[in-house]
Every structure is written in C-alpha cells, then in structure tokens.
Amino acid sequence: MIKYVIRGDSMFKNTIDNKRYYTLNCFFRKKFGSKVFKVPLDIGSSCPNFSSGGCIYCSGRSVANISDGSLDIVSQFNKAKDVLEKKWPNSLYIAYFQSGTNTYGDITKFKSYVDELLGINKVVGISIATRPDALSDEWLSYLSELNKQTFLMVELGLQSSNDETLKYINRGHDVKNFTEAVEKLKNRGIFTVAHIINGLPNETKEDMLNTVKYLNNLGIDGVKIHMLYIPKNTKLASIYENNKFHVLSREEYVDIVCNELQLLNENIVIERITGDPIVSELIEPKWLVKKFCVLNEIDKEMVKRDIYQGDLVSF
Ligand code: SF4
C-alpha cells in the first residue's frame, strides 16, 4: 500500500514507508501491485573499455552480485529466486543482466537468454546494464522490440557530467556520448537509468550537483547514486596510495545526497543511494560497509531539514 508523506500543505506522492524520495520499491508497487526483486545475473560479459585499461576504479567484478557466474542463466536465476521466495512468496521478478557491458557481446546468445528468462513464472521484466558507447543500431532495434514484449530497463554508467572527470577516471566516453545514448533509448520509449558516483577525485560538491541537474534536464527515468570506494588492486588504489586524495566522510556524503535528491524531479525513481562494496576488497571508505546506517542517516537528515526529492527543481 502506498503511504503519503505530508509536505507542507501538500502530499509527497511517490513514497512508501515514509521515505522522502521515490524508491524503486515504491515504483514497482505502483506498476506491478506487488513487491518486485531485480535478480542480478552474470553472463560473463566483457567491456569495450578493458582494451583501454578500464575505469580507474574497476576491479573487473560486480558488487552486490548474489548470482553465481559458473551456473547457466536459468540456474543462476532460480537459485536467487528460491532464496527470495522463502521470505517473500508473493513477489515478482525482473531478470537483471548486471555484470559487465551486456550489449557488447553476442546478440543471438543474449536473445536466447532473455527468451528463457521470460518463460519463467513470475518474471515481469528485464533490466540490462551497459555503457553509452555500446548501443549499436542492431542492439537498439532489439531493445526496442524487447520493450514492446516486456517491461525493460536499461542502465547506463555516466558517473559524472564533467568531461574532465570522465577523462581522469578513464571512462572511455564523454558526456555527449551519454546524452546521445539516452536520447536513442528514450526515443524508443525505454525506461533509462543512469549511474553516478559521488566523491570522484578532484570533484567538488558543485560538480556532483551539476551531474544531477544534467540528468534531471535530460529526462532520465531512474538514478543510481553511488559513493566512490577504493577497491584493492585497482589503478585508483595506486593513485590513493601515492597521493591520498580526499575521500568523502559519511556526513559529507549524506549532505550531498540530500541536495541531489532535492534537485531530481519527484518522478525520477531513485534506485540506489549508497554502494555495496566487496568488504574484503575495500580500502576506503570504511563507513560504506554499514549500508543501513547510511540509508538511515539520509532519511534522518531529510526529516531534520524538512526536505523532499524534487523540491529544488526549477521548471
Ligand atoms: S565500464 Fe564497468 S566493466 Fe567497464 S571498465 Fe568501467 S567499471 Fe569496468
């Protein structure tokens, strides 16, 4: 059931569990009338950016991935579903191609995976993580068809709207590439989600807020906000060891996220507002391990400031 939070003399309509931002859970409940889980899957996708050295923070592994990439796709899905179903027997599922750049490989094989997954009971959609520079015409035309067949989400990494930063982190694409990719997806009516990272080296709070303003103007459907973390054995780890750049404190991060949420239209779905580092690989920040603490601090701060998602959006 959707709850409403009183906002001044009006209601904040996109809420559940008294959150002051539009959670993915709220979006799914409205759309499907039920709890929906995205089940992360690993089809061993590579990445076009590997040949240029990869993003400086890339450890080549996905975080928060409960799937087992050694299993076939349906077994991966069912293994996760069996666990979730014990606690939430009435839930629905979205198969989430999470690891790597999923529109970079063999499209025929990918189509067969999707067909298998859509044949499973209670699968109501597909989510695909990829890069803005990996959307060929062939893939776009397939995604367009798939979008007619089922509920489709496409997730694109942006990380920052500052080209200097993108160059520094070796993203391998610029902001223009990202804008064009989003336009191509949106023109086909595809639900498009952007990933951004707070705390990238050399970025100011203003840079981070500019990134969400850019996304807001672009008409993005969903946002995943991450905190930069430094994984062991990455270029970022070497940079940090040689020259300890400023890593955001939890208080700074909470402050920035609160401001970012205010700058995002209230209809943009907030899929994530913190990260899930692999603890054994984490150098900094250690506070990120306590995910629920971070989420609680953001909720508390929004109440303290009496702010809501979208209340600083200028039309
Ligand atoms: S886009 Fe993802 S997989 Fe590719 S190099 Fe960057 S972090 Fe690694």
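How many nonpolar, polar and charged residues are in the shell around the ligand? The legends below begin with that view and refer to a predicted model.

**Figure 1. Residues around the ligand.** The shell around the ligand has five nonpolar, two polar and two charged residues. The residues that surround the ligand are Cys47, Asn49, Phe50, Gly54, Cys55, Tyr57, Cys58, Arg131 and Arg171.

**Figure 2. The open, parallel sheet.** Seven strands make up this sheet, in the order 3-4-5-6-7-8-10, and their pairing is parallel. The edges are held by strand 3 (36-41) and strand 10 (269-272). Each of these two strands has a single partner strand, so one side of each is left without a neighbour in the sheet. On average, neighbouring strands of the sheet are turned by 25 degrees against each other, direction ignored. Strands of a sheet pair through backbone hydrogen bonds, in either a parallel or an antiparallel arrangement.

**Figure 3. Pairing of strand 8 with strand 10.** Strand 8 covers residues 222-227 and is joined to strand 10 by three bridges. The two strands run parallel. Lys224 stands opposite Arg272, a residue of strand 10.

**Figure 4. Helix 1 and helix 2 on the sheet.** Helix 1, residues 24-32, lies across strand 3, strand 4 (92-97), strand 5, strand 6 (151-159), strand 7 and strand 10. Helix 1 runs at about 160 degrees to strand 6. Helix 2, residues 73-87, also packs on the sheet, where it touches strand 3, strand 4 and strand 5. The direction of helix 2 makes about 140 degrees with that of strand 3.

**Figure 5. Strand 5 and its two neighbours in the sheet.** Strand 5 is mostly covered, with seven of its eight residues buried. Strand 4 and strand 5 run parallel and are joined by five bridges. Within this pairing, Ile94 has Gly125 of strand 5 as its bridge partner. Strand 5 and strand 6 also pair in the parallel sense, over six bridges. Here Thr130 stands opposite Leu156 in strand 6.

**Figure 6. Two β-α-β units that share strand 5.** One unit is made of strand 4, helix 3 and strand 5, and is right-handed. Another consists of strand 5, helix 4 (residues 137-149) and strand 6, and is right-handed as well.

**Figure 7. Lys122 and Asn202, two residues with positive phi.** Lys122 is not a glycine, yet its phi is positive, at about 75 degrees. Lys122 lies in the loop between helix 3 (107-118) and strand 5 (123-130). With a relative accessible area of 21%, Lys122 is partly exposed, because buried means under 20%. Asn202, likewise a residue other than glycine, has a positive phi near 70 degrees. The loop that holds Asn202 is between strand 7 (191-198) and helix 7 (205-218). Asn202 counts as exposed, with 66% relative accessibility.

**Figure 8. The cis peptide bond before Pro285.** The peptide bond from Glu284 to Pro285 is cis, and its omega is near -10 degrees. Pro285 is placed in the loop between strand 11 (282-284) and helix 10 (291-305).

Key. Residues numbered from 1 in each chain as written. Predicted model: local features only at pLDDT ≥ 70, side-chain atom pairs only at ≥ 80, totals over all residues. Heavy atoms only, no water. Near = heavy atom within 4 Å. Nonpolar A, V, L, I, M, F, W, Y, C, P; charged D, E, K, R; others polar. Helix = DSSP H or I, 4+ residues; strand = E, 2+ residues; numbered from the N terminus. Buried < 20%, exposed > 50% of the residue type's maximum accessible area, 1.4 Å probe, protein only. Pairing = 2+ DSSP bridges. Axes fitted to C-alpha atoms, helices over the stretch in contact; angles between N-to-C directions. Contact = heavy atoms within 4.5 Å. Right-handed = clockwise from strand over helix to strand, strands pointing away.
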